[in-house]
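Here's a walk through one protein model, written for someone who likes cut-offs spelled out. Have a look at the sequence and the fold first, then read on.

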Amino acid sequence: MQKFECDIVVVGGGPGGSMAAKYAALGGLDVIMIEKRAEIGAPLRCAEGVSKKWLEEIGVEPDPAWISAEMDGAIIVSPSGHTFKLDESHAGNEVGYVLERHLFDKALTEQAGKAGAKIWMRTAATGAIIEDGKLVGVRANRMGDEIEIRANCVVAADGFESQMARWAGLDTSLDLKDLDTCIQYRMANIDVEPNYCEFVIGSAAPGGYVWIFPKGDRKANVGIGIQGTKCNLGADPKVYLDKFIENDPRLKDGTVLEIVGGGVSTCPGMEETTADNLVVVGDAARMIDPITGGGICHACRAGMYAGKVLAECAKSGDFSKDALQPYEEMWRDRMEDKLWRNWMAKEKFATLSDEVLDNLVLAIKDSDIKEVNVYNLLKVIKDKYPEIVDEFESMI
Ligand SMILES: Cc1cc2nc3c(=O)[nH]c(=O)nc-3n(C[C@H](O)[C@H](O)[C@H](O)COP(=O)(O)OP(=O)(O)OC[C@H]3O[C@@H](n4cnc5c(N)ncnc54)[C@H](O)[C@@H]3O)c2cc1C
């Protein structure tokens, strides 16, 4: 068996892994990032919608090469068809891009490589190497060969289905109600508004929503997420999505080019995202926004924080849980309040009837909301229907 050594081994070449690898390498560390797939960013499992602000925060310049379409606004559609449309003058910088996600992911990985990280494709972690109770690296399969990679610290960036953190001893279990099952079609020959992301709420997508994210040239990602507990009794997201498309004259004669499925967590993040010699980032750490299901920006931020903290730890050679604490602090300071607030809002919204959701959309429509984001929407709801948000009123 071949054995390798490095300072940091990053498991998973998604946005979280690439950012961690980049910043650790920029800090002078010897980094190996392993990715089980043959191609970064493929197959796609994403609706590709992001806002704009965070790119600056993670030091990434927007690049037309990976921006498929720039949005002018967002449309929220209530169960009985009331729409709330925010155009650019109100949407501010919160309205964003629809990406070419596979190219975006590749660009981040390229940056990690440029910073000095080694990127090993078709290399799947298969277990943790634990000696005398201490995590000392990962076992992996590299193009059919069993190998060992020993490192001072492991970054678990292996996405929603993460096993790395569990192998290393952390509790990664997820409640069924905190998991949305998604399916998405890449559709062509459809007639949606080309520069507005659309969100349809209510019983069309129990506990979740239908999205239509335009990709230009009469194409869009049309998908659905349904709360795990509502997928029982044979309820299948595909059945809901097909029904939705069939009933929408703009979509029903469209052509499906690609089908993707996947899960998103809708909880407020893992209780612990560090252990001795281990950091967990992105979807693996359950950092997805519980309301929107968006997790790219969270994974990127967390990866960046992890890489920076690892570079600091290297100065003392201490990668213990205590030494890694600044990582917990950084991501929690930046993101945890929002994850908690949106988790509580999601819990509540999942219980609301179509009638109440209709009223909420009408209330938002009547408001003078300045920017489309969950916080502002909740503020309007708080004014009009305080009883809906009373359990987490202090967080708004
Ligand atoms: C249907 C769907 C739609 C979505 N839409 C959006 C959206 O519009 N906007 C948004 O912001 N977010 C969206 N998300 C969420 C977003 O895709 C994730 O939050 C984001 O990809 C998280 O990045 P990550 O690096 O943590 O994980 P990932 O991008 O999942 O990367 C993990 C990587 O680890 C690799 N890996 C896994 N196991 C191993 C192993 N054992 N060894 C080596 N490599 C391994 C995987 O192959 C993968 O490349 C969506 C998710 C789904 C499922």
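Just after H4, Gly116 takes a positive phi of about 120°. Helices and strands here are DSSP runs numbered from the N terminus, with helices being H or I of at least four residues and strands being E of at least two. Before going further, the ground rules: this is a predicted model, where local features need pLDDT of at least 70 and side-chain atom pairs count only at pLDDT 80 or more, while totals for chains, interfaces and linings use all residues. Residues are numbered from 1 along each chain as its sequence is written.

**Helix H4**

Back to the helix that Gly116 follows. H4 covers residues 101-115, and at 1.5 Å a residue its 15 residues should span 21 Å; the end C-alpha atoms are 21 Å apart, which agrees. (The expected span is 1.5 Å times one less than the number of residues.) Which residues of H4 are buried? They are Arg101, Phe104, Asp105, Leu108, Thr109 and Ala112, where buried means 20 or more other C-beta atoms within 10 Å of the residue's own, exposed means 12 or fewer, and partly exposed is in between, with C-beta atoms placed from the backbone. Those buried residues cover an arc of only 135° around the axis, which puts them on the same side of H4; the arc is that of the directions from the helix axis to the C-beta atoms. An α-helix has 3.6 residues a turn, so residues three or four places apart point the same way. The buried residues of H4 pack against H1, strand S2 (31-34), strand S7 (97-99) and strand S8 (118-120), with contact meaning C-beta atoms, placed from the backbone, within 7 Å.

**Two more helices with a buried side**

In H6 (residues 237-246), the buried set is Pro237, Tyr240, Leu241 and Ile245. Looking down the axis of H6, they fall within an arc of 130°, so they line one face of the helix. The face turned away from that buried side carries the exposed residues Lys243 and Glu246. The cover over the buried residues of H6 includes S12 and strand S15 (219-227).

H10 (residues 374-384) has Leu377, Leu378 and Ile381 as its buried residues. Down the axis of H10 they fall within an arc of 95°, so they line one face of the helix. Their packing partners are helix H8 (325-349), helix H9 (354-366) and helix H11 (386-389).

**Domains and the ligand**

The protein is divided into domain 1 (2-45 + 102-174 + 270-344), domain 2 (176-265) and domain 3 (351-395), with bounds that come from an automatic or database domain assignment. The C-alpha centres of domain 2 and domain 3 lie 23 Å apart.

Why does the ligand lie between domain 1 and domain 2? Both domains give residues to the shell around it, so it lies between them. There are 38 residues around the ligand, and Gly12, Gly14, Gly159, Gly282 and Gly295 come nearest; a residue counts as near if its C-beta atom, placed from the backbone, lies within 6 Å. Helix H1 (15-26), strand S3 (49-50), strand S9 (123-131), strand S12 (179-188), strand S16 (255-265) and helix H7 (296-316) each supply at least two residues of the shell. By class, the shell has 17 nonpolar, 14 polar and seven charged residues. Here Ala, Val, Leu, Ile, Met, Phe, Trp, Tyr, Cys and Pro count as nonpolar, Asp, Glu, Lys and Arg as charged, and the others, Gly among them, as polar.

**Single residues worth a click**

Arg186 sits in strand S12 and touches Lys219, Asn221, Leu257 and Glu258, not counting residues up to four places away in sequence. Asp72 lies in the loop between strand S4 (67-70) and strand S5 (73-77). Both of these residues also have a sequence-distant pairing:

| C-alpha pair | Apart in sequence | Apart in space |
|---|---|---|
| Asp72 and Cys197 | 125 residues | 8.5 Å |
| Arg186 and Gly254 | 68 residues | 9.8 Å |

As for burial, Asp72 is partly exposed, with 17 other C-beta atoms within 10 Å, and Arg186 is partly exposed, with 19.

Now for some backbone oddities. Phi of Asp132 is near 50°, a positive value in a residue other than glycine. Asp132 lies in the loop between S9 and strand S10 (134-142) and is exposed, with 5 other C-beta atoms within 10 Å. Met143 has a positive phi of about 50° although it is not a glycine; it lies in the loop between S10 and strand S11 (145-156). With 11 C-beta neighbours inside 10 Å, Met143 counts as exposed. Finally, the peptide bond from Ala42 to Pro43 is cis, with omega near -5°, and Pro43 lies in the loop between S2 and S3.

Technical notes: Expected span 1.5 Å × (residues − 1). Contact = placed C-beta atoms within 7 Å.
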